[in-house]
Amino acid sequence: MSNDKPKLPQLQEAEYIDILKQAISQIRTARIQIAKQVNSTTNSVYWNLGKLLSEKQLEEGYGSGVVQQLSIDLKSEFPDLGLSPRNLWDMKRFYEHYSQADTKLRQAVAVLPWGHNLLLINKVKDNSQIEFYVNETLQKGWSRDLLLNAIKMDSYSLAQRQFKTHNFDQTLPKAHADYANEVFKSSYNLGFLGITEPVKELELENRLIAKIRAFVLELGKGFSFIGNQYRLEYNNKEYFVDMLFFHRGLRSLVAIELKIGGFKAEYVGKMNLYLSLLDRLEKGENENPSIGIILCADKDHLDVEIALQDINKPIGVAEYQLLLPKAELQSLILNELNATQQENE
């Protein structure tokens, strides 16, 4: 009997690939949901056993004999539930730790694997920190080892820092920096473009130019549009700034670079060059230093912080939103990047 796959017409094959992708996605989603249900059921059993031990006021020491015998009898009845004396005491600690916590936190820890919960109650005492690590684990699918590494790195404290995705404080006079910090946002909503399909950077720029009034309103008061693909020539080389504005209050040229994907450190070096050229070639005598904004689909605060660390030109990094779910937007961007890469091959 032949093992060759049946050959499908091109259209059918494309449809099949789409069906296969959706089926895989459905199975993976179902597995995650099943795992959560299993964890929830197991944790519910552990919660109730912990509650029983707590209400009977059993404590390690005088209650050890009772728990020891309870473990023996329960294991003979339920050998697969992990009912060792140590685990029974952990169940009691689990119940007592969360019995007074808010409902939201109790619901979150209920779907974590038991090993993750033990790690959290052993390593983290503050419930607000536990909630942070629980949410990160659920969102990012952390294994127990990754959770432990996050705790050791004190990821909670890092996340609480007030990250600034610009270097205005280091590159501008204080009054000017404070004003710039008020003018520029960390995120811009470009939903007025009505984008529902993948676009390239030039297409995104063209759509913004076509609706420049709406974009200027989104940027805020004080912006005047100068031009797009603004040409700069120096040392017999040409450079083009995606979009160039002037802000009356700041008295600064503002260069905006558009990126359809996530932030990359190399974008900062390119912007730094553009700002140097603008200051050398375009800035008026009574104007302040030019400011650059890198507008991208996504950014990581730590990546931005390290990329801006030793840059001497004022640069900010902002995200844009297209009124699409983030997962859908990322999918569109990924498909576009893949298409672009195939075109270049």
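These questions and answers walk through a predicted model of one protein chain.

Me: How many helices and strands are there in the protein chain, and what share of its 345 residues is buried?
Reply: In this predicted model, the protein chain contains 15 helices and six strands. About 20,600 Å² of the chain is exposed, and carbon and sulfur atoms supply 50% of that area. Among the 345 residues, the buried share comes to 39%.

Me: Which helix has the lowest mean pLDDT among the elements of the protein chain?
Reply: Across the protein chain the average pLDDT is 79, and 76% of the residues score at least 70. The highest mean among the elements, 96, belongs to helix α13 (residues 266-281), while the lowest, 52, belongs to helix α15 (residues 326-344).

Me: Which residues touch the most other members of the largest nonpolar core?
Reply: In soluble globular proteins, nonpolar side chains tend to be buried together. The largest nonpolar core here holds 32 residues, and those that touch the most other members are Leu-88, Tyr-98, Leu-120 and Tyr-133. At least two residues of this core come from each of the helices α1 (10-55), α2 (64-77), α3 (85-98), α4 (103-110), α5 (114-123), α6 (127-140) and α7 (144-152). To end on the names asked for, they are Leu-88, Tyr-98, Leu-120 and Tyr-133.

Me: How many residues make up the second, separate core?
Reply: This second core is separate from the largest one, and its members include Leu-172, Leu-190, Met-243 and Tyr-320. Its residues number 29.

Me: How many of the ten residues of α5 are buried, and which are they?
Reply: Seven of the ten residues of α5 are buried, so this helix is largely enclosed by the rest of the structure. One of them, Leu-120, is in contact with Tyr-98, Leu-112, Ile-130, Tyr-133, Val-134, Leu-147 and Ile-151, when neighbours within four places in sequence are left aside. The buried residues of α5 are Trp-114, His-116, Asn-117, Leu-118, Leu-119, Leu-120 and Ile-121.

Me: How far apart are the end C-alpha atoms of α6?
Reply: Helix α6 has 14 residues, and at 1.5 Å a residue it should span 20 Å. The separation in the model agrees with that expectation, because the end C-alpha atoms of α6 are apart by 20 Å.

Me: Is Glu-136 in helix α6 buried or exposed?
Reply: Glu-136 is found in helix α6, and, not counting residues up to four places away in sequence, Glu-136 touches Gly-141 and Trp-142. Gly-141 comes just after α6 and takes a positive phi of about 65 degrees. Because the relative accessible area of Glu-136 is 15%, which is under the 20% limit, Glu-136 counts as buried.

Me: Is Lys-92 buried or exposed?
Reply: The place of Lys-92 is in helix α3, and, leaving aside neighbours within four places in sequence, Lys-92 is in contact with Gly-50, Leu-53, Ser-54, Leu-58 and Glu-59. Its relative accessible area is 5%, under the cut-off of 20%, so Lys-92 is buried.

Me: Which residues point one way from β5, and which the other way?
Reply: In a regular strand the side chains alternate between the two faces of the sheet. Strand β5 (residues 291-296) is mostly covered, with six of its six residues buried. From β5, Ile-291, Ile-293 and Leu-295 point one way, and pointing the other way are Gly-292, Ile-294 and Cys-296.

Me: Which residue of β6 is the bridge partner of Leu-295?
Reply: Strands β4 (residues 252-258) and β5 run parallel and are joined by five bridges, and in β5 the partner of Val-254 is Ile-291. β5 also pairs with β6 in the parallel sense over five bridges. Within β6, the bridge partner of Leu-295 is Ala-318.

Me: Which residue of β6 stands opposite Tyr-188?
Reply: Strand β6 (residues 315-321) is mostly covered, since six of its seven residues are buried. Three bridges join it to the parallel strand β1 (residues 187-189). Opposite Tyr-188, in β6, stands Tyr-320.

Me: What distance separates the C-alpha atoms of Ile-256 and Met-271?
Reply: Ile-256 lies in strand β4 and is buried, with a relative accessible area of 2%. Met-271 is among its contacts, as are Ile-293 and Leu-295. Although Ile-256 and Met-271 are 15 residues apart along the chain, their C-alpha atoms are separated by 8.7 Å.

Conventions:
Residues numbered from 1 in each chain as written. Predicted model: local features only at pLDDT ≥ 70, side-chain atom pairs only at ≥ 80, totals over all residues. Heavy atoms only, no water. Helix = DSSP H or I, 4+ residues; strand = E, 2+ residues; numbered from the N terminus. Buried < 20%, exposed > 50% of the residue type's maximum accessible area, 1.4 Å probe, protein only. Areas by Shrake-Rupley, 256 points an atom, 1.4 Å probe, with all protein chains shown as cover. Core = buried A, V, L, I, M, F, W, Y, C linked by side-chain atoms within 4.5 Å. Contact = heavy atoms within 4.5 Å. pLDDT = per-residue confidence, 0-100. Expected span 1.5 Å × (residues − 1). Pairing = 2+ DSSP bridges.
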